[in-house]
Amino acid sequence: MAGTLITVAPTGAESKKSEVPALPVTLAELVSTAKECEALGASVVHVHIRGADAEPTLDLGRLKDTVAALRAETNLIVQLSSGGAVTDPESDRLRVLEAEPDMASCTMGTVNFGDDVFANRWEFIVELHTRLRDAKIVPEYEIFDLGHLASLARLLDKHGLPFGGHVHVDFVMGVPGGMSGSAQTLVAAANEVRTLLPADTTFAATGIGRTTLPVLLTSLAAGGHLRVGMEDTLTYARRQPVESNMQLVARAAGLARLAQRPPMPVAEARALLHIRD
Ligand code: KMH
Ligand code: ZN
């Protein structure tokens, strides 16, 4: 079986720097985290940025600087979040593409998100999917619930394949309001991928909070890839806070090697995902 594509999601939009001091929020912190995670086996970085106040932002100038810095200092595939924070307007989320990343996320439906709602209207999804293709940016379709896979099948049927022609999805599991982060749910989602989507579709998975390890281990066993990082996981083990994103990437890489599916080199990941030159 092929190697494991490891994505690191180092920051997210939900945690506060004041409560999680190890969270990378400045450009310097993000770049050094990315470099170290690449050395440990990550091949994609899923990026949410913060402003000078350490709060989430979709400021286009900062996004462009971030893409440039990550390109200059790493060989990682740069994936910008188009999801942002639950409060971000659709117009700002679409403008993320103007920073010209290699990839961007594209969430396949609305989902309750803790006490909030992460809104993704059908028309917005179609617009994002179309603009991604026009800009030659490879999407990572974010799947928070099983129904999002049916929506993705409908999207591809009505509006065609993404840039590069390859479909890659990421199961974000264990969000309060979305699908549970159990082995059984992951297997059901993988079966839906096989039933509904093109035959060469690849999937990765991440489990929020305490679902991190069951999701990671099941994804490895089911032929899936991995996303890890402090966007999703702040506790390493019982009563043990995560020290750094590197700690999570190192654990994922070790378990992938144990499963005989070692971390995929970046060049191989670029070919798999059909990233533009
Ligand atoms: N922060 C969440 C509201 C994405 O990056 O595209 C959305 C999210 C998904 O994290
Ligand atoms: Zn994200």
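1. Starting with the enclosed space: there is 1 cavity of 30 Å³ or more in the structure. A cavity here is a set of points, on a 1 Å grid over the protein atoms alone, where a 1.4 Å probe fits but cannot get out, and lining residues have an atom within 4 Å of a point. The volume of the largest cavity is about 60 Å³, a volume being the space filled by probe spheres set on grid points joined across faces, edges and corners. Keep in mind that this is a predicted model, in which local features need pLDDT of at least 70, side-chain atom pairs count only at pLDDT 80 or more, and totals for chains, interfaces and linings use all residues. As for bookkeeping, residues are numbered from 1 along each chain as its sequence is written, chains are lettered from A and ligands numbered from 1 in the order in which they are written, and side-chain values use heavy atoms, with hydrogens and water left out.

2. Who lines that cavity? Among the residues around it are Val-47, His-48, Ile-49, Ser-81 and Asp-88. By class the lining splits into 6 nonpolar, 4 polar and 1 charged residues (nonpolar: Ala, Val, Leu, Ile, Met, Phe, Trp, Tyr, Cys and Pro; charged: Asp, Glu, Lys and Arg; polar: the others, Gly among them).

3. His-48 also turns up at the metal. The zinc ion (ligand 2) has His-46 (NE2), His-48 (NE2) and Glu-231 (OE) as its protein donors, 2.1 to 2.2 Å away. Donors are N, O and S atoms within 2.8 Å of the metal (3.2 Å for Na, K and Ca), and the site may look incomplete because water is not among the atoms. Along the chain the donor spacing reads H-x1-H-x182-E. Both histidines, His-46 and His-48, are buried (under 20% relative accessible area with a 1.4 Å probe and protein chains only; exposed is over 50%, partly exposed in between).

4. Glu-231 has another partner worth a look. The Arg-227 side chain makes a polar contact with the Glu-231 side chain at 3.4 Å; such a contact is a pair of N or O atoms within 3.5 Å, and within protein one must be able to donate a hydrogen and the other to accept it, while residues adjacent in sequence count only if both atoms are side-chain atoms. Arg-227 sits in strand β12 (residues 225-228) and is buried, at 5% relative accessible area. Strands (E, at least two residues) and helices (H or I, at least four) are DSSP runs numbered from the N terminus.

5. On the sheet: β2 (residues 44-47) runs parallel to β5, with 4 bridges joining them, and strands pair if DSSP finds at least two bridges between them. The zinc donor His-46 has Gln-79 as its bridge partner in β5. β5 also pairs in parallel with β6 over 2 bridges, where Leu-80 is partnered by Ala-104. In β5, Ile-77 and Gln-79 point one way, Val-78 and Leu-80 the other, and all are buried.

6. Finally, the largest pocket holds about 790 Å³ of space. Its lining has 39 residues, and Glu-231 is one of those closest to the centre, along with Glu-14, Val-175, Ile-208 and Asp-232. A pocket is an open set of points with protein on both sides within 12 Å along at least five of seven lines. β13 contributes most to the lining, with 3 residues. The class split is 15 nonpolar, 14 polar and 10 charged.
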